[in-house]
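Grab a pencil and have a go at each task before you peek at the solution. Take the steps one at a time.

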Amino acid sequence: MIGAHTHRLVKREIRLTQEVLFVRKGKIKANFYDIEKRYFDSRILEPGDIILLTGGGHGYEALEDVEMVEIKQGPYLGKDDKIQLKDIASKKL
């Protein structure tokens, strides 16, 4: 059990965006890249799957009609928030 609580107002400096992805419906292929921006793996995510992305790069391909929820700390900086990576060609799993 986690007891009822609130959080203190604490100034935080965020240097790296981390995110959580929850697949509600459909199927996606998640492509992963290392900190050197090189592709290294892909995984199929299905309804109910959750992933935590803490570093490196990532991209997604919808394999079916999909509904997903992406959660990350903010504030979001628009186009200045991301470095685009060259997506890999579709790879077989």
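Below are five short exercises on this predicted model, each with a worked solution.

**Exercise 1. Work out how the protein is built along its sequence: how many helices and how many strands does it have?**

Step 1: Count the elements. You should get 0 helices and 6 strands.

Step 2: Write them down in order. Reading along the sequence gives you β-β-β-β-β-β.

Step 3: Check which parts of the chain touch. Take the contacts with a separation of 6 or more: 68% of them are between residues 24 or more positions apart.

**Exercise 2. Compare the radius of gyration of the protein with that of a compact globule of 93 residues.**

Step 1: Start with the reference. A compact globule with 93 residues would come out near 12 Å.

Step 2: Look up the value for this protein, which is 16 Å.

Step 3: Add the box. Along the principal axes, the C-alpha atoms fill roughly 45 × 30 × 20 Å.

Step 4: Turn to the surface. About 7800 Å² is exposed, and carbon and sulfur atoms supply 52% of that area. As for the inside, 18% of the 93 residues count as buried.

**Exercise 3. Decide whether Glu19 is buried or exposed, and find what surrounds it.**

Step 1: Place the residue. Glu19 sits in strand S1.

Step 2: Use the cut-off. Buried means under 20% relative accessible area. Glu19 has 6%, so it counts as buried.

Step 3: List some neighbours. Leaving out residues up to four places away in sequence, Glu19 touches several others, including Ile51, Leu53, Tyr60 and Ile71.

Step 4: Look for a polar partner. The side chain of Glu19 makes a polar contact with the side chain of His58, at 3.4 Å.

**Exercise 4. Trace the salt bridges around Lys72: which residues join it in one network?**

Step 1: Recall the basic idea. Side chains of opposite charge can pair when their charged atoms come close.

Step 2: Take the pair Glu19 and Lys72. Their closest N and O atoms are 3.9 Å apart, and a salt bridge forms. This pair links distant parts of the chain, because Glu19 is in strand S1 while Lys72 is in strand S6 (residues 67-72), 53 residues away.

Step 3: Find the other partner. Glu70 also forms a salt bridge with Lys72, with the closest N and O atoms 3.8 Å apart.

Step 4: Put them together. Shared partners join Glu19, Glu70 and Lys72 into one network.

Step 5: Check the exposure of each member. Glu19 is buried at 6%, Lys72 is partly exposed at 27%, and Glu70 is partly exposed at 41%.

Step 6: Look beyond the network. The structure holds 7 salt bridges. Another pair to find is Asp34 with Arg38, at 3.1 Å from N to O. Asp34 has 22% relative accessibility, so it counts as partly exposed.

**Exercise 5. Find the nonpolar patch on the surface: which residues form it?**

Step 1: Name the members. They are Phe22, Ile50, Val69 and Ile71.

Step 2: Give their area. Together they have about 330 Å² of accessible area.

Step 3: Place one of them. Phe22 is found in strand S1, which covers residues 19-25.

Step 4: Classify it. Phe22 has 30% relative accessibility, so it counts as partly exposed.

Methods
Residues are numbered from 1 along each chain as its sequence is written. This is a predicted model: local features need pLDDT of at least 70, side-chain atom pairs count only at pLDDT 80 or more; totals for chains, interfaces and linings use all residues. Side-chain values use heavy atoms; hydrogens and water are left out. Patches are made of residues with over 30% relative accessible area and no salt bridge: like charges are joined within 9 Å, nonpolar side chains (Val, Leu, Ile, Met, Phe, Trp, Tyr) within 5 Å. Accessible areas come from the Shrake-Rupley method with a 1.4 Å probe; for residues, only the protein chains shown count as cover. A salt bridge is a side-chain nitrogen of Lys or Arg within 4 Å of a carboxyl oxygen of Asp or Glu. Helices (H or I, at least four residues) and strands (E, at least two) are DSSP runs, numbered from the N terminus. Buried means under 20% relative accessible area, exposed over 50%, partly exposed in between (1.4 Å probe, protein chains only). The radius of gyration is taken over C-alpha atoms; the globule rule is 2.2 Å times the number of residues to the power 0.38. Contact means heavy atoms within 4.5 Å. A polar contact is a pair of N or O atoms within 3.5 Å; within protein, one must be able to donate a hydrogen and the other to accept it, and residues adjacent in sequence count only if both atoms are side-chain atoms.
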